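Here's a quick briefing to read with the model open beside you. We'll go through the ligand surroundings, then the salt bridges, then one helix.

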Amino acid sequence: MKNILVTGGAGFIGSNFVHLMLKNHDYNIINIDSLTYAGNLDNLKDIENDSRYTFVKADIRDRAAVTEIFKKYDIDTVVNFAAESHVDRSITEPEIFLTTNIIGTQNLLDVAKSFWKINPDDKYSFDYKDGVKYLQVSTDEVYGALGKTGMFMETTPLSPNSPYSASKASADMVVRAYHETFKMPINITRCSNNYGPYQFPEKLIPLMINNCKAGKSLPVYGDGMQIRDWLHVSDHCAAIDTVLHKGKDGEIYNVGGNNEKANIEIVKLIIKALGKSEDLIKYVKDRPGHDRRYAIDNTKITTELGWAPKYTFEEGIKETIEWYLANEEWMNKITSGEYTKYYDNMYKKAEK
Ligand code: NAD
Ligand code: TYD
């Protein structure tokens with residue numbers, strides 16, 4: 001592993017991953033990102049002059065651009081984070097989820113296949129250069145929703161409920177097919193809800209911190225009793241690093257934080273940490289198709305690869321709240337632009 005193509009590296013998890021890789025290894029990181037509303041180069045300001053790091057503005061659906069990048073940087077590893085990632089947006093605008101998340105993935109796989117295959121013109125020969133790997137960053141949402149009990153295992157059938165999770169599940173199927181048909185060296189990771197620094201404030205935790213700080217109402221969907229498993233982003237990035245180095249060819253690994261919490265618990269915890277009143281809570285219309293509960297069984301990655309989450313939720317959320325409070329400028333820059341329009345539109349519709 002020398003030249004790693006990270007896609008979507010200007011987003012939340014991708015930027016944390018770039019930081020971690022530069023800290024832990026001496027690899028070249030080539031970050032391609034089309035800089036949608038969620039892409040933010042401020043997330044990478046501190047490493048932009050690192051000689052091992054290169055940013056190229058490019059869309060993962062653009063065959064010519066991706067091919068050029070593979071050639072120019074002699075890419076041997078791909079970690080695909082690039083995606084439309086917000087469930088609420090997928091309900092109002094599904095199409096871009098399908099093109100970016102599915103076609104974008106297929107485009108990356110095709111370019112990698114032709115670049116990495118030793119005999120690219122022989123369609124029946126599937127020898128690949130040594131050490132190459134494609135890693136698809138997926139989500140537990142592909143498994144659908146759980147009832148009060150049970151956990152998602154890698155063998156749980158896929159049953160996505162939102163356009164977002166349907167697009168991620170489809171991408172996983174395409175990645176799997178490239179492994180089965182073309183013997184592409186791949187791994188898929190499926191993680192639970194991430195939290196930590198640099199998360200776009202359309203997602204639960206940074207949105208609630210930001211609103212709470214400003215004394216704005218805190219929009220809780222439905223009864224607030226939906227459960228998510230929360231994984232600190234640095235634990236997630238460490239898991240990806242582990243799978244890149246130790247993952248068995250063709251395998252899927254679930255990654256969870258062992259931290260199941262109801263949404264309302266999190267909202268109340270943020271209110272308490274910021275010294276505000278629970279009167280800020282406002283129950284709004286539920287999200288259509290809202291998954292009730294997610295939970296991850298971590299056994300495979302912990303026993304086979306030796307990864308385990310380091311953060312407890314209590315430590316992680318405390319540190320995260322402190323980060324958002326200390327990085328006011330980062331937040332203000334985001335929320336002063338297009339975000340306001342999105343927010344007003346989204347939450348006007350959600351009034352009960
Ligand atoms: P994010 O929305 O913060 O970042 C996505 C990044 O991808 C942005 O920088 C955006 O500009 C870029 N991008 C979007 N479309 C692109 C395109 N066509 N070409 C190139 N770049 C494009 O998302 P995130 O939260 O960092 O999630 C990263 C990955 O992890 C996604 O694949 C997501 O499905 C998955 N995931 C996220 C979570 C979570 O809790 N955030 C949980 C499970 C899985
Ligand atoms: P989100 O951060 O959008 O992640 P996901 O939908 O991928 O799990 O939402 C996390 C949970 O919080 C989910 O159950 C929806 C809920 N939620 C609210 O109640 N209010 C909000 O304003 C948001 C953004 C989310």
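Start with ligand 2: 18 residues sit around it, and the nearest are Glu-141, Arg-228, Arg-287, His-290 and Tyr-347. Keep in mind that this is a predicted model.

**Around ligand 2**

- Tyr-347 also makes a polar contact through its side chain, with an N or O atom 2.6 Å from an oxygen atom of ligand 2.
- The backbone joins in too: an N or O atom of Leu-204's backbone is 2.9 Å from an oxygen atom of ligand 2, and a polar backbone atom of Tyr-221 is likewise 2.9 Å from an oxygen atom of the ligand.
- On its own, ligand 2 would expose 520 Å², and the protein buries 97% of that.
- Helix H6 (204–214) and strand E8 (218–221) each put at least two residues into the shell around ligand 2.
- Sorted by class, that shell holds 8 nonpolar, 5 polar and 5 charged residues.

**Around ligand 1**

- Ligand 1 has 29 residues around it, with Ile-13, Asp-33, Ser-85, Tyr-164 and Lys-168 the closest.
- Tyr-164 reaches ligand 1 with its side chain, placing an N or O atom 2.7 Å from an oxygen atom of the ligand.
- Two backbone contacts are worth finding: a polar backbone atom of Phe-81 lies 3.0 Å from an oxygen atom of ligand 1, and one of Ser-34 lies 3.1 Å from a nitrogen atom of the ligand.
- Alone, ligand 1 has 840 Å² of accessible area, of which the protein covers 97%.
- The elements giving two or more residues to this shell are helix H1 (12–24), strand E5 (133–139), helix H5 (163–182) and strand E7 (193–195). E5 gives the most, with 3 residues.
- The shell around ligand 1 splits into 13 nonpolar, 12 polar and 4 charged residues.

**Salt bridges**

- How many salt bridges turn up in the whole structure? The search finds 19.
- Arg-190 and Asp-172 pair up through their side chains at 2.9 Å, N to O. Arg-190 is in strand E6 (residues 186–191) and Asp-172 in helix H5, so this pair links distant parts of the chain, 18 residues apart. Both Arg-190 and Asp-172 are buried.
- Glu-304 and Lys-248 form another salt bridge, at 3.4 Å, N to O. This pair spans 56 residues, from Lys-248 in the loop between helix H7 (233–246) and strand E10 (252–255) to Glu-304 in helix H9 (residues 299–305). Glu-304 is partly exposed, at 42% relative accessible area.
- Lys-268 and Glu-278 also form a salt bridge, with their closest N and O atoms 4.0 Å apart. Lys-268 is in helix H8 (residues 263–273) and Glu-278 is in the loop between H8 and strand E12 (281–284), so the bridge ties together parts 10 residues apart in sequence. Lys-268 is partly exposed at 34%, and so is Glu-278 at 45%.
- Asp-26, Asp-50 and Arg-52 are joined into one network by salt bridges that share partners.

**The two sides of H8**

- Which residues of H8 are buried? They are Asn-263, Ile-264, Ile-266, Val-267, Ile-270 and Ile-271. Because these residues cover an arc of only 160° around the axis, they are on the same side of H8.
- The general rule is that an α-helix has 3.6 residues a turn, so residues three or four places apart point the same way.
- Lys-272 and Ala-273 are exposed on the other side of H8.

Technical notes
Residues numbered from 1 in each chain as written. Chains lettered and ligands numbered in written order. Predicted model: local features only at pLDDT ≥ 70, side-chain atom pairs only at ≥ 80, totals over all residues. Heavy atoms only, no water. Near = heavy atom within 4 Å. Polar contact = N/O pair within 3.5 Å; in protein donor to acceptor, adjacent residues only side chain to side chain. Areas by Shrake-Rupley, 256 points an atom, 1.4 Å probe, with all protein chains shown as cover. Helix = DSSP H or I, 4+ residues; strand = E, 2+ residues; numbered from the N terminus. Nonpolar A, V, L, I, M, F, W, Y, C, P; charged D, E, K, R; others polar. Buried < 20%, exposed > 50% of the residue type's maximum accessible area, 1.4 Å probe, protein only. Arc of directions from axis to C-beta.
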